[in-house]
Amino acid sequence: MKFTRNEAFLSIQKSSEWDITIIGGGATGLGIAVDAASRGYKTLVLERYDFAKGTSSKSTKLVHGGVRYLANGDVKLVFAALKERGLIFQNAPHVSFVQSFVIPSYSLFNKLKFLIGLKLYDWMAGKLRIGKSKTLSAKEVVEKLPKVKTKGLKGGIIYYDGQFDDARLAINLAQTASEHGATVLNYSEVNSILKDENGKVNGLTFLDKERGETFTIKTKSIINATGIFVDDILKLDTATHKNLVRPSQGAHIVVDKKFLGLNDALMIPETSDGRVLFGVPWHDKVLLGTTDTPLDAHQIEPRPLEEEIDFILKTAQQYLSDAPTKADVRSVFAGLRPLAAPTKGDGNSTKEISRDHKLLKNESNLITITGGKWTTYRKMAEETVDLAIRTANLNPVPCKTQHLRIHGFSTDKRKGHWQVYGSDAEKIMQLTQENPILGTKIHENYDFILAEVVWACTHEMVVNLEDFMARRIRFLLLDAKASLDAAPTVAKLMAEVLQQDDSWVQKQLKDYTDLVKNYTL
């Protein structure tokens with residue numbers, strides 16, 4: 001089945017009943033879709049916005065066991081995450097990379113303490129270990145992080161973890177699910193859950209936000225994988241439902257790579273509020289973050305708070321000479337983590353709350369998965385599908401994803417952002433051979449070309465300008481103002497490919513201009 005909205009609707013119209021219907025097209029929902037479809041179950045995914053529009057495209061871009069979780073004693077989560085980190089490297093090598101991290105140390109005691117912890121971290125990864133932690137002299141730290149402050153520097157530690165492109169992995173999971181027979185649809189908002197005479201879920205209705213049509217489908221099981229929005233779906237099932245999650249915001253800023261150094265990432269293990277801060281090379285920029293700010297309400301487009309930006313910049317100034325200021329920020333963004341809602345007596349702190357996932361089944365047989373982290377998406381999906389099989393009495397089939405290659409799988413190394421396309425890169429370049437104009441850059445300072453616009457519209461289910469700029473390429477997150485400069489060129493070409501008129505172009509440009517304000521200071 002072609003990965004297009006038209007093909008998805010043809011599949012929906014032809015299907016009388018689904019085995020597994022997943023609400024939510026982020027990391028968790030798409031991971032579940034790959035798992036269910038690869039086992040042979042008739043699978044449908046409905047995403048209210050674009051794939052990975054929410055938290056799943058706004059992570060710190062790390063595939064990691066979680067050094068901080070180990071420090072908090074969450075050993076079970078770290079063991080599981082380190083195994084899953086290794087499987088992501090095996091199954092999606094085109095979007096995941098080994099990243100070296102340097103911890104500068106200004107205390108010999110801390111240097112020893114961190115080395116012991118990181119040696120344990122290495123050991124816990126077992127045969128999936130990706131590098132060996134070791135101490136560095138002060139001179140070696142400066143060689144790796146030329147901008148680090150040298151006064152009082154006692155040396156440091158280098159350790160190895162993973163990095164990835166979150167939104168690109170998400171779209172590849174959607175494509176993988178489709179290749180295994182799943183029907184995957186964005187801009188489809190579930191507005192009611194249907195039940196049989198015994199009060200068990202047996203269907204739902206959803207609105208296709210592009211066509212303005214409402215559809216009703218029958219299904220043997222429903223999985224709520226909507227991240228920070230799980231409570232909204234649970235209230236469709238039970239009107240009196242009390243909130244299960246409370247959002248915690250993680251803010252990030254993006255600056256030019258000159259502020260950090262070459263290829264190594266910076267890890268600050270103990271910030272002023274007891275958290276961890278990273279400076280990570282990403283798509284030829286440096287990503288600084290993150291925070292952990294409890295919020296009372298969730299929204300699809302959160303904006304970093306002023307105090308979060310100040311905290312990140314101030315912390316960077318403590319470790320870096322010529323540290324970035326607000327004037328140097330190329331983009332800011334925030335993601336919301338779905339953490340357990342506090343009970344009476346809980347404080348406002350979120351850093352001690354476990355990042356492990358929670359899997360629940362309502363009396364109606366509605367299944368909800370929440371929490372967790374990108375790194376463990378595959379394991380979360382396996383457990384969720386296993387529960388769906390038992391709940392809906394589906395014919396049991398074992399999980400197949402442990403060694404399942406993700407769409408785009410390639411071990412070849414490609415230059416720049418072409419790496420994250422994997423095996424699709426050559427197909428995109430083929431478009432430029434057929435039409436050399438498509439080799440034109442969309443912005444003079446960046447390597448994105450017009451062929452990528454055409455490819456995203458025809459092969460990656462792009463609906464809006466934002467989908468392309470923010471998640472198919474990562475331009476919005478890398479340099480928000482520059483992406484706005486390129487927007488008219490991109491919107492015009494998208495309109496040609498998607499057969500839209502000039503009024504569509506004008507609306508897209510207005511909407512995108514408004515959105516960019518959220519990503520700039």
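This passage describes two helix pairs, two nonpolar cores and one buried tryptophan in a predicted model.

Two packed helices are described by the angle between their axes and the distance between the axes. In the first pair, helix H2, which covers residues 27-38, packs against helix H7, which covers residues 166-179, at an angle of about 25°, and the two axes lie 8 Å apart. Because angles under 35 degrees count as roughly parallel, H2 is described as roughly parallel to H7. The crossing of these two helices is left-handed. On the side of H2, the residues that take part are Ala 27, Leu 30, Gly 31, Ala 33, Val 34 and Ala 37, and they meet Ala 170, Leu 173, Ala 174, Thr 176 and Ala 177 of H7. Sorted by class, the residues of this contact comprise nine nonpolar and two polar ones, with no charged residue.

The second pair is formed by H15 and H16, which pack at an angle of about 155° with their axes 10 Å apart. Since angles over 145 degrees count as roughly antiparallel, H15 and H16 are roughly antiparallel to each other, and the crossing of H15 with H16 is right-handed. Residues of H15 in this contact include Ala 480, Leu 484, Ala 487 and Leu 498, while those of H16 include Trp 504, Val 505, Leu 509 and Tyr 512. By class, the contact of H15 with H16 has 13 nonpolar, two polar and one charged residues.

The largest nonpolar core holds 47 residues, of which Ile 442, Leu 465, Phe 468, Met 469, Phe 475, Leu 476 and Met 494 touch the most other members. At least two residues of this core come from each of the helices H11 (424-434), H12 (450-459), H13 (465-472), H14 (475-478), H15 (480-498) and H16 (502-516), and H15 gives the most, with nine residues. When its neighbours within four places in sequence are left aside, Phe 475 is in contact with Ile 442, His 443, Tyr 446, Phe 448, Met 469, Ala 480, Ala 482, Ser 483 and Ala 486. A second, separate core has 45 residues, including Ile 88, Leu 169, Ala 388 and Val 420.

Trp 455 is placed in helix H12. Its relative accessible area is 7%, and Trp 455 is therefore buried, given that buried means under 20% relative accessible area. Apart from neighbours within four places in sequence, Trp 455 is in contact with Asp 424, Lys 427, Ile 428, Leu 431 and Glu 460. The C-alpha atoms of Trp 455 and Arg 472 are separated by 9.8 Å, although the two residues are 17 residues apart along the chain.

Note on methods
Residues numbered from 1 in each chain as written. Predicted model: local features only at pLDDT ≥ 70, side-chain atom pairs only at ≥ 80, totals over all residues. Heavy atoms only, no water. Axes fitted to C-alpha atoms, helices over the stretch in contact; angles between N-to-C directions. Helix = DSSP H or I, 4+ residues; strand = E, 2+ residues; numbered from the N terminus. Parallel < 35°, antiparallel > 145°, perpendicular 65-115°, else oblique. Left-handed = near helix turned anticlockwise from the far one by under 90°. Contact = heavy atoms within 4.5 Å. Nonpolar A, V, L, I, M, F, W, Y, C, P; charged D, E, K, R; others polar. Core = buried A, V, L, I, M, F, W, Y, C linked by side-chain atoms within 4.5 Å. Buried < 20%, exposed > 50% of the residue type's maximum accessible area, 1.4 Å probe, protein only.
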